[in-house]
Structure formats: structure tokens, C-alpha cells
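Please open the structure in a viewer and keep the selection panel at hand. The stops below follow one another as a sequence of selections.

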Amino acid sequence: MDHHEDECRAGGEHHGKQGDEEAVARLEEIKKSIEGKMALRQTNLNPERPDSGFLRTLDSSIKRNTAVIKKLKQINEEQKEGLMEDLRSVNLSKFVSEAVTAICDAKLKSSDIQAAVQICSLLHQRYTDFSPSLIQGLLKVFFPGKSVDDLDADRNLKAMKKRSTLKLLLELYFVGVIEDNGIFINIIKDLTSTEHLKDRDATQTNLTLLASFARQGRVFLGLPLSGQEFQDEFFKGLNITVDQKKTFRKAFHAYYDSVTELLQSEHASLRQMEHENAKILNAKGELNEENASSYEKLRKSYDNLYRNISFLAEALDMQPPVMPEDSHTTRVTTGEDASSLATGKESSNIEAIWDDEDTRAFYECLPDLRAFVPAVLLGEVEPKVIEQTSKAQEQPTESSTEADQSASVAQDSVEASADSGNLQEGKSIEKGKDKEEKDKEKIKDADKEKGKEKEKDTDKKGENEKEKLKGLEGTNLDALLQRLPGCVSRDLIDQLTVEFCYWNSKSNRKRLVRALFNVPRTSLELLPYYSRMVATLSTCMKDVPSMLLQMLEEEFNFLINKKDQMNIETKIRNIRFIGELCKFKIAPAGLVFSCLKTCLDDFTHHNIDVACNLLETCGRFLYRSPETTIRMANMLEILMRLKNVKNLDPRHSTLVENAYYLCKPPERSARVSKIRPPLHQYIRKLLFTDLDKSSIEHVLRQLRKLPWSVCESYLLKCFMKVHKGKYGQIHLIASLTAGLSRYHDEFAVAVVDEVLEEIRLGLELNDYGMQQRRIAHMRLLGELYNYEHVDSSVIFETLYMILVFGHDTAEQDVLDPPEDCFRIRMVITLLQTCGHYFDRGSSKRKLDRFLIHFQRYILSKGALPLDIEFDLQVTKNALFIKRLRICHLELIMAKRMLTLFMVQSMPVETILHSSIDTMFNGALYRC
């Protein structure tokens, strides 16, 4: 005990030293950072700027300065040293404004702020007009002025830019590049203005900026700082007055109160919408898309607002706001909660829609076709192409009309000039024109006929090419559709879906829908994969699911209205297809409920099978979905009432019960976990969780440190539960027993006694549920022999006891039935564990003698299972035992002789010492 306490004290002192070292290292880092900022601040407040003569000696060429200014747009920690060397070697007197613009436009990350501070400090120490220009440029990020470009800019990029700029301004103020802290008052007043609360996006952005400012500039708010003793001297030089701190605190607290009121009002509107949605769900059983989308939008807005307000409260060392709870809904209530509460369920007992993660991934994680297939093949670029082609066609038509108009104007001018001449000349000219026009018309007619012939030839060629392409496309699509029945995995059906997109056309989609619809009525296992294909295609091809659903609904109505007791397989295929499409949210829940209601209205014959198959397919999904749980619960109640009222045959009664309990399993009481004391929990953690080859020494040390008088009995109990751990780690339990025996001899003896007692108890009970436990104890006994805690005589006594226990008694058929081969497996386990040590001396002779009796026992069991025969072969190979192999003829003779002795009801001892031993010895050694 004293040794244990000393080790605990040493461990505690070691951990305490580590914690002290980390705290000291952290304080040293803070101290170095503060000292560096103080030194840089003194240099920036009293800069020794070089004169114009020195600047003339530096490179002032436009080319070099332009290159340096381009580098300023990409400031980061890696390029800081090189960039500062470049800035020291150039004269930027005439390019200060360009340098400021580059720094203001740079996309800085949080890790690049310190590098930017060093570069700005260098430029501030060289050029007088740099700091005012920089302040003016950085403030434009917060006060950009209203323009169309700013209104249309990306809000996320603007928010990130504001965040990095605010951090840069604070750091520049800390190092003395900015001396006036009034700019922060103006920025905070703008961010905390209540006018921005009308814009939710602006409010979210302002909250993140204010939280960042409060974390980085705690000195402005008078909040306590870590490492106060090092920072007092530094922050005294910032010249932040008490009135200014009050101004900052007042602005922050007033804004916090305003956004808290906004959060409460948004919470109230969200709660009201949840009540309305609950009423709609109770009345109709589902929400329309408009209500669902508006609710999701409001809920996301509320969650983001609550999260950002909590961040701001944490930065201000305040408690986050607590929203008032309601008896029906809470601030995180969804439609699922509302619907489950309406059915009397508690929100904590809501079951997941899917049973496991693989099922959820199959039905919800669909491949994105736009990531695998070009948009042109999906038909998403066709409108743009059509517009472009129409525009291209309009342009030549417009040019042709302009040419016609100019030609007509020219003709009008010619005719006017002709009319202005003499009448006789005009007549002669008109005659000549008539002749020319007739000649031209003849030429035009000939040209038109030639053009028509050419067009006919080109049309014929185009039609031939189209027919060839259609033929190729048809053959490829036929091959693709022939592969459909072989797609019995998620990967295969996804690959086939992507391949079909390369043959996408309206006619091909119709052929695909027809092939999916004509799935063989006996191949119901294909329906989930076909439905997955339809769901994947529905994201880009809206007509595929609509056509398939229309065909399935028409077929369902036809089969139900026919009212004959034929084609049951077709009916089941049809309704299961609809159910699978419902789980992919392709078939609306209203269609499923209408089909179910139709079957319940005429609950006889095939309609019972159809209704039960529908419930087995998607009933559990609809019952667990928040939108349909009430309606499905009502349908299930109607189903059970009909089952109780109608006199159904046993098959239909079983079908109904199975479908009902599959959708709505009976409620079970929660399992009460056993409460164990902390010391027992620690022992179980060491043995069943932490124990492995690398940690066995650590586990042994920890077990030795336990209060042995208190824990010995429970430790022995845990050692006997080796079947609850990993089978491959049983040898580690034996190793721990060997390690503990050096300090507690009685514990090792108790372990051996308990193992032998457990083995005998298993033989007495012969319970099927204890087989894993019995095998583990046999393995543990063998490992204890390997660690020299058991003598070989104990091993062989146990082996003989396994063979003969319960024989020649009234309970022989119960303890060791003729068809039970488990004792053979027990012997094999023990021999595989420690049998390889019986290879010389008396132990070898004992093993040879035992193997004869073991062979007799094996022959008494008749035909052995294949796994037992395989284990016997493995044991023979492991122990190099050739004597386990018996010639086929002698094996048959031995078995006949053994049967004869058993018929004569001879005692087991007589059989073992009879002349049959001679035959066994001959069979074993001659073969």
C-alpha cells in the first residue's frame, strides 16, 4: 500500500510538472509577443525616415516598382522576408498610392495579418504619406458608398474582407502605425446601428465582426486579459481613455440587447409556424413544398442568428440568451417533433427513419450526374444553343432584308431617271427591259430547279446518316437495357445510369421507362435498384419518373378494378415498385395512401396481399417520417380493426400481423444498465478495453496498485469472463495471471480452480448458449499450462473427463447426444493451444495413449460435420500427428466392431480395455 501511494504521488507530481511547464511556455510566448509589439510601436511612433538623398540611391524604375507592388497583393508569411528586402531596395515615393491600393486589395488570411503588419510598419517608417492613405483605403471597406456594383457583390466575400481588414486595423493600432483610435468608434457605431437589423444577412455579418473585435480588442471594452502583468505596460501606452471604453461597452451592450429582442421575435414566429405546420399535418398528413421550404428557411436563419449571438456573448463574457420553452415546441423543434408530439411520442424517443447507415446511404446519397456527364448530354444547355442559333439565323435574314431594301431603292432611282427622259426613249428602254427581264426569269427558273435537285440529294444523304446513327444508337441502347437485370448492386446501377446519359434522348427515355416498367414479376430484388436509377435520373430528366409513375398507377387501377384472383405476382411487383419509389421520394405519399385505402376498402383475397406487401416495402418509412406518421398510424389502426373483424385465414392473419409489427414494432422497456462502482468500472476497462500486447505491462502495474483485499474477488470474476473479451487476447489473461502470481500466489490457484470448475459445469449442463464460454475456458486452461501454472496431468485428466463424463449413465443422451460433436471441438481447442509441448518423454506417451481413446470417441459420433473434420486436419498438421489418419477399410471395420459392442451394452471401461484396442492400434500405426 505504501508503495502504491508513492507511485500515485510520483505520477501526480509528474503531471503537475508538465502542466506547469506548458503554462510557463505559454506565458513566455505572450511575453515575447508583447515585447515585440512594444518595440515595433516605439519605432513606428518615432520613425527615422530617410531623406530624399538616400531614396534617390534606391531603384526607382517603373518596372521594378510595378513588380514589387504586384507582390504586395499577395502578402503571406512565407514571402514576408523576401518582400521586405525588395521594399528596402526600391524607392516608392511616387508609388505610395499604388502600394496602398495593393495592400487594401490583398486577400489576407488570419495567418497573414502579422506579415502585413510588418510590411505596413516598414512602409510607414519610410514614407510620410503612407499611413493616412492606408487608413483611408482600409476604411472604404466599411464605408464603401452605395453603388450598384456593391449591392450586387458577393456578400460572403465582403464579409471575409471586412473581418480581415478589422483585424489588420487593430494590429496596426497596437504597433503604432495608426495613432487615432477614433476610427474604431466610427466603425463600431456603424456596425451596431439598428438600421442594419432589417437586413438579416447584414446582421449575421455584423455579429461575427463584433465578436471578432471583442475577442481581439478586449482592452477597448475594459475586459480582463490573460497575462495581465505583462500587458499592463503595453496597453497603458495605447491612450484609451475611460470614456472611450464606456462608449464601446455601451454600444456593444445596446446592440446585444437589440439582437436578443430580434432573436426572441424570430423564435416566436418560428414557434407559431411550427404550430401551424402541426395543424396541417394532423389534417392532411403532409406539408406542401411552399410551407416546408419557408419553415426550413426560417429555421436556418434562426439557428445562425442564435449561434452568432452566442459567440458575441462569449466574447463579452456574458451568458448566451435563453429562449422561453413551450409545452409543444422548443427552439430546435422540427416538423418531426411536432408530428411525434401529436401522436403522443416524446421527442427523445423518436426513431430514425432508416435502420442503419448503409440503408440511409442507399436511399438518400444519390450520385450527381452533373459531375460525371457533360451538361449538353443532360439537355441543360439546349435552350442556350437554340437561342444562339436563332440569333445567328436572324442576323443573315436581317442582312438579306437590308440588301433587298437597298436593291429596291436602286431600282426606284433607275426607274425615276428613266421616267425623266423622252417618251420614245422611254418606250425603247422599256421594251429592252422587258426582254432582259424575261431572259433573267428563265435563268432563275433553271437555277431554282438545279438548287431543288441539290437540296433533295443533301436531304437524302442527311436522312441516310440519321438512320445510320439511329441504328447505332438503338443497338447500343439495346445492349445497355439488356444489362439492367444484372445490376444487383449500388455501384452497377449507378454506372449504368451514367452510361445511359450518353444516349439521352426523348425516345430513348421512353424505351428506358418501358424496360423498367417491364421488370420480371419474379425478380422483386431488382426493384430497389431500378428505383434508385429513376431517382438519380429525376434530378436532370423530369419526364422519366412522371412517365413511370403514370404507368404504374394505371396498372394498379386496372388490376384492382378487374377483381379477379389472377396475376398475384404482377400485383405484388406493381405495389412494391410504388413502395420503393416512395422511399426515394419519387412517388408522393398521397399516391401510396390512396393505393392502401383502395385495398382496405375491399379487404379481401388479393387485396390483403397487396396491402401487406405495400406496408412491408414502405410502411416503416412512412411511419417514421415526420410528415406522414399520423396518417400511417391511422391506417395501421384501421388495418388491425379489419383483421379483428374479418374472419381471415391463418396465412392472411399472419401476413397482416407481420406487416403491422414491421411498421410499428411493439414498445419495449428500456434496458437498465447495471450500475457498477468506479473501481469495478476501472478494472473492466483495463481488462476488456485497454488490454493488448503493447499495454500488458501497464495493465499489470495498474492491477498491482489496486486495493487487493477489496478487489481480489471481483478481479477473479472478471478473469473468468474471458468470453466477453477478444478470443485472441485470452493468452494475455493467462500472462496477467502469471505476472500477478509472483505477488499473490493464492490468486493464480483460484484462477486455475475456477477454470476447472467452469469446464466441469459446462459438461454437466451442456447448454447450447454456453458453448462460446466453454471454448474460451478451454483456451484459457491451455494458456495457463503454457505459462506453467498447470501440470500436464491436469491437462490429460481434463481431456479424459471430456471424453467419458456422463457416459454409462441415465443422462448420457442429454449430456452427450450421439449427434453432438461439441466435445470434439473442446478437445481440439485444448490440443491446439498446448498440445505442441507434448512432443517428448512421458507427456508424448500420454498423448499417444489419449489419441487412441479420442479416435474411438470420434468414431462413435458417426459422420462428422465438415468444420469438425477441417479442425481435426488442422490439429494433425499443427502437432505433426500422423497417427490420426486411418485407412478407409480399417476405419469401417473398427466402426462395425464398435457398433457390435454398443449393441451388446458393454460398459465403457470394458470397451476401452477390450481387444478392440489391438485393432485401433493396428489401424493407427499401420496407416
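Helices (H or I, at least four residues) and strands (E, at least two) are DSSP runs, numbered from the N terminus. This is a predicted model, in which local features need pLDDT of at least 70, side-chain atom pairs count only at pLDDT 80 or more, and totals for chains, interfaces and linings use all residues. Residues are numbered from 1 along each chain as its sequence is written, and side-chain values use heavy atoms, with hydrogens and water left out.

**The whole chain**

Begin with the protein chain in cartoon view, where 43 helices and 0 strands are assigned. Colouring by accessibility calls for three classes: buried is under 20% relative accessible area, exposed is over 50%, and partly exposed lies in between (1.4 Å probe, protein chains only). Of the 927 residues, 43% are buried. A contact is taken as heavy atoms within 4.5 Å. Among contacts between residues at least 6 apart in sequence, 78% join residues at least 24 apart.

**Lysine 80 and glutamine 114**

Select lysine 80, in helix 4 (residues 80-89). Lysine 80 counts as buried, at 13% relative accessibility. Beyond its neighbours within four places in sequence, lysine 80 is in contact with Ala115 and Gln118.

Move next to glutamine 114, in helix 6 (residues 113-126). Glutamine 114 is partly exposed, with a relative accessibility of 39%. Show lysine 167 as well: the two C-alpha atoms are 9.8 Å apart, although 53 residues separate glutamine 114 and lysine 167 in sequence.

**Helix 9**

Select residues 155-174, the 20 residues of helix 9. The expected span of a helix is 1.5 Å times one less than its number of residues. For helix 9 the expected value is 28 Å, and the distance from first C-alpha to last is 29 Å, close to that figure. Display the side chains of its buried residues, among them Ala159, Lys162, Leu166, Leu170 and Phe174. After helix 9 comes glycine 176, with a positive phi near 90°.

**Threonine 522**

Centre on the loop between helix 22 (506-517) and helix 23 (527-537), where threonine 522 is found. Threonine 522 is exposed, at 57% relative accessibility. Its C-alpha is 8.5 Å from that of threonine 570, which is 48 residues away in sequence.

**Two loops and helix 26**

Which residue in the loop between helix 24 and helix 25 should be selected? Choose asparagine 567, which has a positive phi of about 60° although it is not a glycine. Asparagine 567 is partly exposed, with a relative accessible area of 41%.

In the loop between helix 25 and helix 26, select lysine 585. Lysine 585, also a residue other than glycine, has a positive phi near 60°. Lysine 585 counts as exposed, at 67% relative accessibility.

Continue to helix 26 (residues 589-601), whose 13 residues should span 18 Å, in agreement with the 18 Å between its end C-alpha atoms. Its buried residues include Leu591, Val592, Cys595, Leu596 and Cys599. Now show what covers them, including helix 24 (543-562), helix 25 (568-583), helix 27 (606-624) and helix 28.

**A cysteine pair**

A disulfide is counted for a pair of cysteine sulfur atoms within 2.5 Å. By this rule there are 0 disulfides. Cysteine 582 is in none, and its nearest cysteine sulfur, that of cysteine 618, is 4.5 Å away. That distance is too far for a bond. Both residues are worth displaying with their surroundings: cysteine 582 is buried at 3% relative accessible area, and cysteine 618 is buried at 1%.

**Two helix pairs**

Axes are lines fitted to C-alpha atoms, for helices over the stretch in contact, and angles run from 0 to 180 degrees between N-to-C directions. Angles under 35 degrees count as roughly parallel, over 145 as roughly antiparallel, 65 to 115 as roughly perpendicular and the rest as oblique.

Select helix 28 (residues 629-645) and helix 29 (residues 650-663), whose axes come within 11 Å and cross at roughly 160°. The two helices are therefore roughly antiparallel. Residues making the contact include Leu636, Leu639 and Met640 of helix 28 and Val656 and Tyr660 of helix 29.

End with helix 35 (residues 771-786) and helix 38 (residues 822-834), packed at about 25° with axes 8 Å apart. Helix 35 is thus roughly parallel to helix 38. Among the residues in contact are Ile775, Met778 and Tyr785 of helix 35 and Phe822, Met826 and Leu830 of helix 38.
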